[in-house]
Amino acid sequence: MKIKQYSILIAVMIVFFGCSHYEDEIVISPQSISFVHADGSKIAENECISPNVKYGIKIETNYVDVNRPFRVDYSVNGVVYTMTFTVNTSQINPITLTNGDNSAQIIGSNYKAVIKYVEQGDFELVE
């Protein structure tokens, strides 16, 4: 009878200690946050921000497929959003810029982005 109990105990130990800890060792973290065009292209330095162009927030991570989703909480102008990564290492969410400074930050990190948007109002160029 004791042999049966020992066999069951050994089988249980093999199951628990035989599992790979490789997935647990991978630390997935956000790498950057930035304002981009809606298609993902970078906004050039000193580029004029147009109200007719669509923009987005791009978050990049070191995500690798470990069969589990990775969630990043971020804020844009003080409003908290969540981006969930399932396969990609970067994602873009569309945003609408507000007049003045627009800021984005990955919550719980030092990753920040700031862009200034100045509305033209009813300005009309007369030549």
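**Exercise 1. Classify the exposure of Asp73 and describe its salt bridge.**

Solution. In this predicted model, Asp73 has a relative accessibility of 25%, so this residue counts as partly exposed, the class between under 20% for buried and over 50% for exposed. The next step is to look for a partner of the Asp73 side chain, and that partner is Arg71, with which Asp73 meets in a salt bridge at 3.3 Å, N to O. The distance satisfies the criterion because a side-chain nitrogen of Lys or Arg has to lie within 4 Å of a carboxyl oxygen of Asp or Glu. Arg71 has a relative accessible area of 55% and is therefore exposed.

**Exercise 2. How many salt bridges does the structure hold, and which parts of the chain does the pair of Asp101 and Lys116 link?**

Solution. The count comes to 2 salt bridges. Besides the pair of Asp73 and Arg71, there is a salt bridge between Asp101 and Lys116, in which the closest N and O atoms are 3.9 Å apart. This pair links distant parts of the chain, since Asp101 belongs to strand β6 (residues 100-106) and Lys116 to strand β7 (residues 112-117), with their positions 15 residues apart in the numbering. As for their surroundings, Asp101 is exposed, with a relative accessible area of 52%, and Lys116 is exposed as well, at 55%.

**Exercise 3. Describe how strands β3 and β4 are joined, and examine the turn between them.**

Solution. Begin with the pairing: β3 and β4 run antiparallel and are joined by 7 bridges. One of the residues to trace is Tyr74, whose bridge partner in β4 is Tyr81. Next comes the connection, where the two strands form a hairpin with 2 residues between them. Asn77 is placed in this loop between β3 and β4, and its phi is positive, about 55°, although Asn77 is not a glycine. Finally, the relative accessibility of Asn77 is 31%, so Asn77 counts as partly exposed.

**Exercise 4. Determine the geometry class of the ring pair Phe70 and Phe85, and place the pair in the fold.**

Solution. A pair of aromatic rings is described by the distance of the centres and the angle of the planes. The structure holds 2 aromatic pairs. For Phe70 and Phe85, the ring centres are 6.2 Å apart and the planes stand at 40°, so the pair is tilted, falling neither under 30 degrees, where rings count as stacked, nor over 60, where they count as edge-to-face. The pair links distant parts of the chain, with Phe70 in strand β3 (residues 70-76) and Phe85 in strand β4 (residues 79-85), 15 residues apart. Both Phe70 and Phe85 are buried.

**Exercise 5. Which residues are in contact with Ile92, leaving aside its neighbours within four places in sequence?**

Solution. Ile92 is located in strand β5 (residues 90-95), where a relative accessible area of 30% makes this residue partly exposed. Once the neighbours within four places in sequence are set aside, the contacts of Ile92 are Val36, Ala38, Asp39, Gly40, Gly56, Ile57, Lys58 and Met83. One of these, Asp39, is 53 residues from Ile92 in sequence, while the two C-alpha atoms are 8.3 Å apart in space. A further separation of this kind can be read for Asn46, which lies in the loop between β1 (30-37) and β2 (55-61) and is exposed at 74% relative accessibility: the C-alpha atoms of Asn46 and Lys116 are separated by 10.0 Å, although their positions lie 70 residues apart along the chain.

**Exercise 6. Summarise the overall architecture and the surface of the protein.**

Solution. The protein has 2 helices and 7 strands, which follow the pattern α-α-β-β-β-β-β-β-β along the sequence. Of its 127 residues, 28% count as buried, and among contacts between residues at least 6 apart in sequence, 55% join residues at least 24 apart. The accessible surface comes to about 9500 Å², with 55% of this area belonging to carbon and sulfur atoms. A nonpolar patch on that surface is formed by Tyr6, Leu9, Ile10 and Ile14, which together have about 440 Å² of accessible area. Within this patch, Tyr6 lies in helix α1 (residues 2-18) and is exposed, with a relative accessible area of 52%.

How values were computed:
Residues are numbered from 1 along each chain as its sequence is written. This is a predicted model: local features need pLDDT of at least 70, side-chain atom pairs count only at pLDDT 80 or more; totals for chains, interfaces and linings use all residues. Side-chain values use heavy atoms; hydrogens and water are left out. Rings of Phe, Tyr and Trp (its six-membered ring) pair if their centres lie within 6.5 Å; planes under 30 degrees apart count as stacked, over 60 as edge-to-face and the rest as tilted. Helices (H or I, at least four residues) and strands (E, at least two) are DSSP runs, numbered from the N terminus. Buried means under 20% relative accessible area, exposed over 50%, partly exposed in between (1.4 Å probe, protein chains only). Patches are made of residues with over 30% relative accessible area and no salt bridge: like charges are joined within 9 Å, nonpolar side chains (Val, Leu, Ile, Met, Phe, Trp, Tyr) within 5 Å. Accessible areas come from the Shrake-Rupley method with a 1.4 Å probe; for residues, only the protein chains shown count as cover. Contact means heavy atoms within 4.5 Å. Two strands pair if DSSP finds at least two bridges between them.
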